[in-house]
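Please open the structure in a viewer and set side chains to be shown as sticks. The tour below proceeds from one selection to the next.

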Amino acid sequence: MIGYRSVFANDMHWRDNQGGLFPLSPPFMISELEESEARKTMKDQGALFIRWESEFDQIKQGAWWHIIKDGACSLSDLSSNTRSKVRRGMKTFRCEAASRDTVLAHGYQVYCSAFSRYETHEARYSAEAFREAVLALPEQTEFWGVWNEATGDMVAFSENFVESDVCFYNTIWFEPSALKKYSSYALFYEMNRHYLEDRGFRYVSDGARSLSHETQIHDFLESKFGFRKAYARLNVIYKPWLGVLVKVAYPFRERIGNVPLGPFKKASVLLKQEEIRRLCEEGAL
């Protein structure tokens, strides 16, 4: 999620990314947002659309969710297989809080290495763009880093947004070679323990369902670390002209998604979001 502008409106934090406004504040803080307030915020910020959740963690199932952990996180609560991988990861890597300066100094190579794993329409940042993006992250951002104990090299880092006793693991970048040695197991275990046990947070979250690229991280966190889906209703409001375009293009969303060009990929993400919004509106599971 590196590379967004943060704004404060309606007593909540938002991120402005590629023309859309998305909530940074926890969903339970935003669930009572009135449509009129959302429209005003969208207009004031010059956004093309605004998105937020309601009924967060109050419905049993649905098409939209955040992945969260709000339960026990000690090593003994994990499966024997996961405990083994956490221990092996912790023998090879050191996981601890990092400063913004540390990420600026050592994070770009990690970012480039990790970016190569993703299938996404988004462009990779240059070194200077990466620096500007990290500097622009809001003050509520906390960083964690992972270092190879033998070489001293940074092999992963996490960008976390903290507010109201909730921590969002907004973006985590792993060098592929480090993943094979269980760096992800060590990092998630240490961050979960830090925020849930040491600081007594309400929950930690890896964010909402992904629309822009395929990711298996949510399945990983559910099966290995006891995360769960917290279902919610997705709300989206568009600028009038964009709303018309979405309505016209919606019946052709599958064809649009099959075109391997950047603008079509972006349109496909927008139409997938609209599909989920409609499913939530209809109450479909």
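## Aromatic pairs and salt bridges

Begin by selecting phenylalanine 49, which has a relative accessible area of 7% and is therefore buried, since the cut-off is under 20%. Please note that the model is a predicted one.

Add phenylalanine 22 to the selection; its relative accessibility is 9%, and it likewise counts as buried. A search of the whole structure yields 22 aromatic pairs. Phenylalanine 22 and phenylalanine 49 form one such pair, edge-to-face, with 5.6 Å from centre to centre and 85° between the planes. Because phenylalanine 22 belongs to strand 3 (residues 20–23) and phenylalanine 49 to strand 4 (residues 49–54), the pair ties together parts that are 27 residues apart in sequence.

Next, select tyrosine 169 and phenylalanine 188. Their rings form a tilted aromatic pair, 6.0 Å centre to centre, with 45° between the planes. This pair links distant parts of the chain, 19 residues apart: tyrosine 169 is in strand 9 (residues 166–174) and phenylalanine 188 is in helix 7 (residues 183–198). Both tyrosine 169 and phenylalanine 188 are buried. To see their surroundings, extend the selection to the aromatic cluster that they form with Trp144, Tyr182, Tyr185, Tyr195, Phe201, Phe220 and Phe225.

Return to phenylalanine 22 and display arginine 15, which lies over the face of that ring at 4.4 Å from the ring centre. A second arrangement of this kind appears on selecting arginine 202 with phenylalanine 28: the arginine lies over the face of the ring, 3.8 Å from its centre.

Now turn to the charged side chains. Side chains of opposite charge can pair when their charged atoms come close. The structure contains 17 salt bridges. One of them joins arginine 193 to aspartate 198, at 2.9 Å from N to O. Arginine 193 counts as partly exposed, at 24% relative accessibility.

Finally, select helix 11 (residues 262–282), where glutamate 275 and lysine 272 lie three residues apart, about one turn of the helix. Their side chains meet in a salt bridge of 3.5 Å, N to O. Glutamate 275 is partly exposed at 22% relative accessibility, and lysine 272 is partly exposed at 30%.

Which residue forms a salt bridge with glutamate 274? Selecting arginine 277 shows the partner, with the closest N and O atoms 2.8 Å apart. These two residues also lie in helix 11, three residues apart. Glutamate 274 is buried at 3% relative accessibility, and arginine 277 is buried at 16%. Complete the tour by adding Arg278 and Glu281, which are linked with Glu274 and Arg277 in a network of salt bridges.

Key: Residues numbered from 1 in each chain as written. Predicted model: local features only at pLDDT ≥ 70, side-chain atom pairs only at ≥ 80, totals over all residues. Heavy atoms only, no water. Phe/Tyr/Trp six-rings, centres within 6.5 Å; stacked < 30°, edge-to-face > 60°. Helix = DSSP H or I, 4+ residues; strand = E, 2+ residues; numbered from the N terminus. Buried < 20%, exposed > 50% of the residue type's maximum accessible area, 1.4 Å probe, protein only. Lys NZ or Arg CZ within 6 Å of the ring centre and 35° of its normal. Salt bridge = Lys/Arg side-chain N within 4 Å of Asp/Glu carboxyl O.
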